[in-house]
Amino acid sequence: MEPQTTQTILKNPSKPNNPKLSELWWFFAAATCVKLLLIPAYRSTDFEVHRHWLAITNSLPLSQWYFDETSLWTLDYPPFFAYFERLLSLFANLIDPQMVHLHNGLNYTSDTVVYFQRVSVCVSDLCLLFGVYRLTRRLDHVRRRVKWVLVVWSPMLLIVDHLHFQYNGLLLGVLLVSVSCLEEGRDLMGGFVFAVLLCFKHLFAVAAPVYFVYLLRHYCWKGLVKGFGRLLVMGSVVVAVFAVAYGPFVYHGQMKQVIHRMFPFGRGLCHAYWAPNFWVFYILLDKVIAFLLGRLGINIQAPAASFTGGLVGDSSPFAVLPQITPEITFIMVLLALSPCLIKAWRDPRPVMITRWVAYAYTCGFLFGWHVHEKASLQFVIPLAIVAVQDLDTARHYFFLSIVSCYSLFPLLYESQEYPIKVLLLLLHSMLMWLGFSAQFTKDKTLEMEPSGKRKHSRFGSNRSTAAAQKGGFVIGWEIWSYLVGLLLVEIWGQFLHPIFLGDKLPFLPLMLISVYCSLGVTYSFLWQLKQILVS
């Protein structure tokens with residue numbers, strides 16, 4: 001009977017790795033219900049930006065899209081996103097023609113506009129759902145559900161896309177599809193999808209060096225004849241994608257104008273609210289030195305623009321330290337990326353590609369030019385995909401996702417949204433804790449091997465294993481201490497600052513958030529770099 005039972009099992013194996021689509025749809029439906037409840041809530045100027053892009057692409061011929069200056073919100077995304085807006089505008093015109101009128105539609109905020117644009121973001125999130133499905137279909141049910149919680153129920157996506165208003169779910173979905181193809185060894189398809197992504201939003205190009213080195217080494221480095229043939233195929237696919245996107249504008253002789261719109265370097269090094277990156281420390285150091293020199297009686301001429309004034313300047317106004325140019329930030333991003341590129345060349349493993357892509361976007365966020373705080377989504381979402389691989393990575397993600405989500409709080413500055421963003425962050429933290437605890441309490445990597453030794457995660461450590469043995473998901477006192485500090489920063493800015501300082505130093509609460517969150521993001525950058533080097 002025993003051999004027969006074994007034979008039966010081999011013929012009819014269980015399928016724990018096939019996700020139930022109905023369950024994934026339930027996760028998506030639950031998230032969509034929350035998104036629909038947020039329709040009447042706060043929306044930023046980005047809402048009018050995208051409405052105006054609907055009007056541009058619907059009212060004007062393609063040859064005038066990147067020249068229109070009817071509004072301040074000129075079209076500055078690549079052509080595929082413009083085509084996407086054009087597609088949406090066809091439906092918008094059927095629902096409310098004024099929505100897509102170039103002049104009469106300016107600052108038009110009827111209920112039809114609000115509902116149409118909010119729902120369009122919800123529908124575009126189907127791309128994110130597809131990307132998540134591809135990356136989780138071969139996982140066990142615990143890891144699969146944890147990833148669904150981290151991505152489909154991401155509070156950062158709810159804040160940025162469904163309150164502030166953008167289409168990051170669509171773009172990140174395309175990125176996840178590309179990464180999933182590379183993890184499966186389908187390099188040509190992965191390169192094709194990434195090229196499509198770049199034609200939707202050029203800011204994702206920070207990971208292009210990683211893609212180039214990885215695909216060259218993993219896909220094309222197959223001998224002289226075969227390798228050259230593959231290089232031609234990959235190059236032809238990428239060129240074809242860019243030809244479809246930019247071809248019409250090349251035909252009209254408008255590439256210079258398109259590039260000028262896509263890369264407005266005159267906006268300055270930092271946004272009005274400092275994104276939590278390396279340049280926060282540089283700005284702060286400049287101000288401290290200027291203050292100390294002033295106290296010593298040395299006359300320091302204050303710059304015309306101020307980083308604390310809440311405006312976007314045309315330059316990088318430093319009083320003492322050297323001015324920063326886009327070229328300097330570009331070089332710093334490449335230098336930070338270089339260890340990852342070397343690793344990708346020497347050992348191009350598909351299992352590492354998601355970590356490398358996330359690290360690339362972390363480098364771009366930390367050292368890039370005119371970085372928005374919303375750009376943290378570009379590395380937080382990919383890191384959610386690898387968070388279930390081992391306890392150290394889960395612990396790091398738990399820390400980073402809280403820091404990154406909190407850094408978005410200034411986007412929702414109106415009092416009625418304050419309970420929403422706090423509740424979203426608290427629920428996310430609880431769900432992460434419960435999900436990681438469920439995973440690592442039952443993690444098979446802690447099962448005893450026949451030799452009596454315990455298995456270790458491929459990316460784990462003895463410290464991770466010891467911590468898991470003590471009760472599943474635990475974090476160290478360092479992370480707890482930092483998170484307590486995060487709470488103190490919020491208490492000061494929200495409650496104590498108005499009591500003790502009133503209207504004085506109005507920039508101080510935002511500056512504290514930027515500086516403190518910058519410490520967390522810098523730690524994440526160093527942690528990711530270490531993991532890449534030792535893997």
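Contact is taken here to mean heavy atoms within 4.5 Å, and packing between helices in this predicted model is described on that basis. The chain holds 22 helices and zero strands. Of its 535 residues, 53% count as buried, and the accessible surface comes to about 25000 Å², of which 67% belongs to carbon and sulfur atoms. Among contacts between residues at least 6 apart in sequence, 77% join residues at least 24 apart.

Helix α4, which covers residues 79-95, has 17 residues and reaches 24 Å from its first C-alpha to its last, close to the 24 Å expected at 1.5 Å a residue. Its buried residues are Pro-79, Phe-80, Phe-81, Ala-82, Phe-84, Glu-85, Leu-88, Ser-89 and Ala-92. These buried residues of α4 pack against α3 (45-59), α5 (111-124), α9 (168-183), α10 (187-198) and α12 (224-251).

A search of the whole structure finds 11 salt bridges. In one of them, the side chains of Arg-145 and Glu-23 meet with an N to O distance of 2.5 Å; because Arg-145 lies in helix α7 (residues 141-152) and Glu-23 in helix α2, the pair ties together parts that are 122 residues apart in sequence. Arg-145 is partly exposed, with a relative accessible area of 35%, whereas Glu-23 is buried, with a relative accessible area of 17%.

A salt bridge within a single helix is formed by Glu-48 and Arg-51 of α3, the closest N and O atoms being 2.9 Å apart. The two residues are three places apart in the helix and are therefore separated by about one helical turn. An α-helix has 3.6 residues a turn, so residues three or four places apart point the same way. Both partners are buried, Glu-48 with a relative accessible area of 8% and Arg-51 at 0% relative accessibility.

The side chains of Arg-349 and Asp-347 likewise meet in a salt bridge, at 2.9 Å from N to O. Here Arg-349 is buried, with a relative accessible area of 16%, while Asp-347 is partly exposed, with a relative accessible area of 31%. In addition, Arg-134, Arg-137, Arg-138 and Glu-184 are linked in a network of salt bridges.

Helix α2 (residues 21-37) also contains Lys-35, which counts as buried because its relative accessibility is 7%, under the cut-off of 20%. The side chains of Lys-35 and Asp-125 are joined by a polar contact of 2.7 Å. When residues up to four places away in sequence are not counted, Lys-35 touches Phe-28, Cys-122, Asp-125, Leu-158 and His-162. Lys-35 and Asp-161, which are 126 residues apart in sequence, are 9.3 Å apart in space, C-alpha to C-alpha.

Ser-407 is found in helix α18 (residues 391-407) and counts as buried, at 1% relative accessibility. With residues up to four places away in sequence again left out, Ser-407 touches Tyr-273, Pro-276, Glu-373, Ile-513 and Cys-517.

On the surface, a nonpolar patch of about 790 Å² is made by Val-484, Leu-487, Leu-488, Ile-491, Phe-495, Leu-496, Ile-499 and Phe-500. One of these residues, Leu-487, is placed in helix α21 (residues 477-500) and is exposed, with a relative accessible area of 51%.

Key
Residues are numbered from 1 along each chain as its sequence is written. This is a predicted model: local features need pLDDT of at least 70, side-chain atom pairs count only at pLDDT 80 or more; totals for chains, interfaces and linings use all residues. Side-chain values use heavy atoms; hydrogens and water are left out. Patches are made of residues with over 30% relative accessible area and no salt bridge: like charges are joined within 9 Å, nonpolar side chains (Val, Leu, Ile, Met, Phe, Trp, Tyr) within 5 Å. Accessible areas come from the Shrake-Rupley method with a 1.4 Å probe; for residues, only the protein chains shown count as cover. A salt bridge is a side-chain nitrogen of Lys or Arg within 4 Å of a carboxyl oxygen of Asp or Glu. Helices (H or I, at least four residues) and strands (E, at least two) are DSSP runs, numbered from the N terminus. Buried means under 20% relative accessible area, exposed over 50%, partly exposed in between (1.4 Å probe, protein chains only). A polar contact is a pair of N or O atoms within 3.5 Å; within protein, one must be able to donate a hydrogen and the other to accept it, and residues adjacent in sequence count only if both atoms are side-chain atoms. The expected span of a helix is 1.5 Å times one less than its number of residues.
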